[in-house]
Amino acid sequence: MSLAENFCSSPWFHMQITANGKYQYCRWARPIEDSQYQHPLEFFQKGMGTIRQQLLAGELPQDCEQCKVMEQHNKVSGRQRQLLKTGIVLERFEKTLMSSTFFEKFKQSHGTGSTDLKPVDWQIHLGNFCNSGCVFCTPDASSRLAQEFVKLKIISTAPRHTWTDDPQQIDQFIELLANTPNLAYLHFIGGETLITPAFGVILQRMIDAGVAARISIGFTTNLTVWRQEIVDLLVQFREVNLGMSVECLDSVNDYVRWPSQIITVQSIMDQWIKLSRSHGWITTLRVTPTCLTVSRLLSVYQYAYHEQIGVESCNFLEDPAHLRINVLPLGIRNSIADSFETWIAQQVSTGEQVINTRDPNQARASVLQDAASYVNYLRTAHDETHRLADLIRYLKLLETSRNNSVLNYLPEYEEFFRTAGY
Amino acid sequence: MKNFLELPDIEQISIELVINPVFDLFAPKVAIKINNQILFAGTMNSTMQFKVQHKLQSPIGISIELLNKKYSLEHETAVLINHITIDDIKVIPKHVDQSVYTNDHHYTQPTNYMGFNGIWSLDIDRPFYQWLHLTTAQGWLLEP
């Protein structure tokens with residue numbers, strides 16, 4: 001155990017609000033149990049004290065394991081990205097830590113773990129308004145999937161309304177943001193952000209509060225809708241980080257991100273890229289690689305490399321467990337890894353690790369690096385083929401309501417899926 | 001280092017300068033300072049190397065002055081800032097665009113070659129690694 005192995009600066013500047021209005025200390029961490037705090041600032045300054053204490057002691061909080069897994073597979077972890085935002089890099093950890101803009105604030109937290117800081121980097125879940133029912137998603141993040149799950153009796157009732165339905169909670173949140181002098185970044189996710197009423201409301205309130213011109217906005221869209229009135233708000237912010245969700249560039253995307261159509265997705269993606277370039281926005285393709293899509297994931301890397309835009313996945317998928325990449329047998333995984341490696345070898349790489357993966361000037365290096373991390377994962381992640389039966393049960397159930405079949409999209413897996421009763 | 005308390009109170013980094021005189025007849029008269037502390041002042045007849053220790057978290061101001069060059073007699077006289085490294089990281093010439101050269105010929109392009117009387121300076125106005133982060137475009141550097 002060492003400070004360099006586990007320390008993360010994120011709890012000194014970042015937090016997130018979940019769809020149901022609860023507070024979490026990190027967008028990458030495993031969700032934690034309900035907290036007792038009613039106000040986000042109270043949660044940030046006091047409620048996150050234990051996490052800060054653990055990190056200062058060089059310990060790894062148990063919910064931070066996902067970042068360790070990413071680092072084991074040479075994928076740039078959330079921890080590395082967050083450290084960089086405070087000027088800290090692992091290869092010169094001690095000196096950059098002591099030079100950090102936050103160094104005095106780290107010191108102040110020693111003891112109780114509390115801080116007098118305000119969060120300046122937010123991940124905001126707007127709720128589950130969504131027109132898609134992605135197979136890896138949950139009712140908390142998709143109203144469409146929630147309805148389907150109720151119909152299929154997977155859940156008894158759809159999740160309750162989200163925090164953004166409550167005007168008082170929005171007022172409280174906006175007031176906090178408006179009173180945060182160094183506020184830097186707000187990243188919004190849904191549901192589908194563009195159809196979520198609160199997205200436009202919060203953007204407009206930020207503009208009205210006079211903070212838009214000094215902060216960066218990020219959001220993720222599922223590339224199935226377009227709303228010009230939201231675009232008109234976005235252009236008023238200092239910087240926009242656009243995340244476009246796509247799993248691959250063929251019809252497997254239609255199955256996984258049901259009921260989208262790849263033709264429409266690509267057309268809307270082209271519009272966003274054109275708009276982004278005209279405004280100098282930072283553009284990233286957001287993927288959630290699963291055992292159903294990893295064999296087609298290379299198409300995303302190839303497209304991103306060609307267009308010089310980034311590719312980002314939050315982490316190696318953990319939930320739902322039956323969709324993990326390592327549900328595939330090693331033979332299939334190695335074959336996919338071979339195709340990745342062949343392509344990577346054909347490109348020009350500096351070999352240097354890119355931590356600032358949203359730097360447009362390093363987009364290609366970043367794409368190759370992320371692809372290489374999946375090669376590592378495909379080859380070395382432990383076997384979880386025992387989850388295949390759960391996967392098949394789940395897909396068959398979903399397909400009863402969707403009237404489709406995974407084998408029409410992934411015929412190459414027929415023999416494998418039949419072994420589990422498909 | 002297992003935890004935050006084990007960090008040293010003061011950490012030092014080294015600053016190394018290698019300066020070459022350029023001349024045929026008259027060696028340049030040079031003054032070299034770091035944070036206003038004079039490292040050298042006089043006639044530079046041969047390559048000089050300086051290595052000093054500096055507090056990690058303190059700003060760094062490096063200045064090199066070429067004095068009293070007589071343009072009618074000393075056509076070739078100049079000073080070449082061969083390289084500057086800080087904590088073993090090459091800073092000059094790689095980041096020469098961050099330097100300022102104020103001289104009597106109003107030559108404004110950032111350079112490591114001083115052919116005119118004047119002062120070349122590199123002003124690292126914050127801890128070195130913060131400056132390096134910004135200079136090498138590592139993305140946001142949040143302020144508390």
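**Exercise 1.** In this predicted model, which residues of helix α2 (residues 40-47) of chain A are buried? Find where they lie around the helix, and what they pack against.

*Solution.*
Step 1. List the buried residues of α2(A): Pro40(A), Phe43(A), Phe44(A) and Gly47(A).
Step 2. Look down the axis of α2(A). The buried residues fall within an arc of 120°, so they line one face of the helix.
Step 3. Recall the general rule. An α-helix has 3.6 residues a turn, so residues three or four places apart point the same way.
Step 4. Find the partners. The buried residues of α2(A) pack against two strands, β1 (14-17) and β2 (23-24), and two helices, α3 (49-56) and α9 (167-178), of chain A.

**Exercise 2.** Describe how helix α15 (residues 330-346) of chain A meets helix α16 (residues 363-380) of chain A.

*Solution.*
Step 1. Take the axes. They come within 9 Å and cross at roughly 155°.
Step 2. Classify the angle. Angles over 145 degrees count as roughly antiparallel, so α15(A) is roughly antiparallel to α16(A).
Step 3. Give the hand. The crossing of α15(A) past α16(A) is left-handed.
Step 4. Name contact residues. α15(A) contributes Ile336(A), Phe340(A) and Ile344(A), among others. From α16(A) come residues including Leu368(A), Val375(A) and Leu378(A).
Step 5. Sort the contact residues by type: 10 are nonpolar, one is polar and three are charged.

**Exercise 3.** How many residues of chain A are in contact with chain B, and which element gives the most?

*Solution.*
Step 1. Count: 29 residues of chain A contact 22 residues of chain B.
Step 2. Find the elements of chain A that give two or more residues: α5 (78-85), α6 (93-99) and α7 (103-108).
Step 3. Pick the top giver. α6(A) gives the most, with five residues.
Step 4. Sort the chain A side: 12 nonpolar, 10 polar and seven charged residues.

Notes. Residues are numbered from 1 along each chain as its sequence is written. Chains are lettered from A and ligands numbered from 1 in the order in which they are written. This is a predicted model: local features need pLDDT of at least 70, side-chain atom pairs count only at pLDDT 80 or more; totals for chains, interfaces and linings use all residues. Axes are lines fitted to C-alpha atoms, for helices over the stretch in contact, and angles run from 0 to 180 degrees between N-to-C directions. Helices (H or I, at least four residues) and strands (E, at least two) are DSSP runs, numbered from the N terminus. Angles under 35 degrees count as roughly parallel, over 145 as roughly antiparallel, 65 to 115 as roughly perpendicular and the rest as oblique. A crossing is left-handed if the near helix is turned anticlockwise from the far one by less than a right angle, and right-handed if clockwise. Two residues are in contact if their C-beta atoms, placed from the backbone, lie within 7 Å. Ala, Val, Leu, Ile, Met, Phe, Trp, Tyr, Cys and Pro count as nonpolar, Asp, Glu, Lys and Arg as charged, and the others, Gly among them, as polar. A residue is buried if 20 or more other C-beta atoms lie within 10 Å of its own, exposed if 12 or fewer, and partly exposed in between; C-beta atoms are placed from the backbone. The arc is that of the directions from the helix axis to the C-beta atoms.
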